[in-house]
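Q: Could you take a close look at one part of this model for me? I would like to follow its salt bridges and then the helix that comes just before.

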Amino acid sequence: MSRRSFVLGTGAALTGVALGPHSAWAARGMSGVDGPSWLADTVLYQIYPQSFADTDGSGIGDLRGIIEHLDHLQWLGIGAIWVNPVFPSPLTDAGYDIADYTGVHPRYGDEDDVARLVEAARSRGIRVLFDLVAGHTSDQHGWFLDSLHDDTDQRYVWATPDQLPGDGTLPADFVASPGPRAGAFLKNYYDTQPAINYGYARMNPDEPWRQPVDAEGPMRNRAAIREVMDHWLRLGISGFRCDLAATLVKDDPGWLETGKLWGELREWVRRHHPDAVLISEWGDPATSVPAGFDADFYLPVNGPGDGAPWKSLWHENPYFGAEGTGTAKIFVDAWTEATENIGRGRIMLPTANHDSANRLNDGVRTPEELPAAFAFLLTWPTIPAMYYGEEIGMRMIEGLPDVEGSAGRQRNRTPMQWDAGPNAGFSGAPAEDLYVPIDPDPNRPTVEAQRRDPGSLLHFVRRLLALRKRYPELGTQADVRVFSDGYPLTYLRGDRFLVTVNPRRDHATITVADGRVQHARPVEDSGVRLDGEAMTVPGFGYAILDLNG
């Protein structure tokens, strides 16, 4: 588990009685997506800025590097990008320790570069999302430095000396004050990340430092986060991916107070910036969407089975594994139950990210296995979330040096591989100055090489994205009917497109009781054989068949 992963604990699994496909929304007078409609139809592309493209020779990616490569994303068919933190930071957690919420770290550029990025992306039909790290700051943030000199400042969770154990020990997750303020503060993860005080859902006489959610400090912080959001939204940002969203209010059984907090923020956004979205890093859409989010990711942790929907596909005895010992049923059942209660277009499915989610090319899967994974990812009715470099099959690389508190996560953070030039076209800096070393494999995939090869993974992903955009039947709002959640995973989208995916090494056969199959037109096909209503899918194979011919 990543150091920045979080566990929701009891109650995180999906609970309650599943409603019919439309009953939960009909009861609220809603249909489809409640909120900005663009999100349900987009494809999100995550950019780790320090690893994407370097334009000043520093060895570290920057905002201008993103701008210079927007044409690639437009050509690929991306609708929105999520950029990891670019704010001023001492970088003890690669920027998730923020020292100024409304500034830009000089290594990335400045606020004018943000404005240029937004404008250049918008001109290409691409929206820009930033990270909102609302739960903690850096210990170098002005708020925290002020609190060190003011015993009455309650922006953070402080315990005074008389509230601490007399033997000199500190309660779990408390860090001794660096002074001059006496006592200790609550951290979120690293010792350099003091937790912002949003209060506790319940009091405990054994922990007298607790404050209620409506105390002066927590209320002041709610207002401050609104100001942060407003700053970037006025600059043209289209919303936020909200870091560790479930953890703001402490000791909050069922996340009732946390839900109220995010619900208030969501309503404020809807009034003042109605086209903006809030996407949570929560991992349990059935809980987070009712709390006020427009969408949530399935993640390797939290939610049903502690991340089982994601892990069962990609990680633990994965369905997308050559041995063919996994099952897609865990994912399909969890997705079905969640969407019956929260509606479609609310669940985001990544294959990888900067944190604890591995790349598809993880050292176990081989490149020949990746097309089947993308055939599923881009035809199932979730919102696809692609990590930079996945479109060319970049590798996860073990054994790299730790950088900026990466704690093992640098294996997913190697520089983007643009071409065959020095440093794979990422940077003109000496190799030893790169943020993370480049993939040392001389046969590493690059955008340039795959652009020249019509049979490449890059072109395949692009064609799938174009299909998804062209045909609403392949989007989030169309129906899905699953014929098999074994091998091959086979499902019907919008009563038109039959999708079959076989990620195992051996071939697999299925019979679909639909007379249209034998006359179907292959839209994408890796060699599936049709015999009446029977389909034989080769190992690592897939097909998208148009039953309308």
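A: **A bridge between two loops**

Aspartate 479 and arginine 344 join their side chains in a salt bridge, 3.6 Å from N to O. Aspartate 479 sits in the loop between α13 and β12 (480-484) and arginine 344 in the loop between α10 (329-342) and β10 (347-350), so the pair ties together parts 135 residues apart in sequence. A salt bridge here is a side-chain nitrogen of Lys or Arg within 4 Å of a carboxyl oxygen of Asp or Glu. Helices (H or I, at least four residues) and strands (E, at least two) are DSSP runs, numbered from the N terminus.

Please keep in mind that this is a predicted model: local features need pLDDT of at least 70, side-chain atom pairs count only at pLDDT 80 or more, and totals for chains, interfaces and linings use all residues. Residues are numbered from 1 along each chain as its sequence is written, and side-chain values use heavy atoms, leaving out hydrogens and water.

Aspartate 479 is exposed at 52% relative accessibility, while arginine 344 is partly exposed at 21%. Buried means under 20% relative accessible area, exposed over 50%, and partly exposed in between (1.4 Å probe, protein chains only).

Now to helix α13 itself, which covers residues 457-470. Its buried residues include Leu457, Phe460, Leu464 and Arg468. The buried residues of α13 pack against several elements, among them α3 (70-76), α11 (370-377) and β19 (541-546), where contact means heavy atoms within 4.5 Å.

For context, the whole structure holds 37 salt bridges. Asp131, Arg241, Asp243 and Glu281 are linked in a network of them.

Key. Expected span 1.5 Å × (residues − 1).
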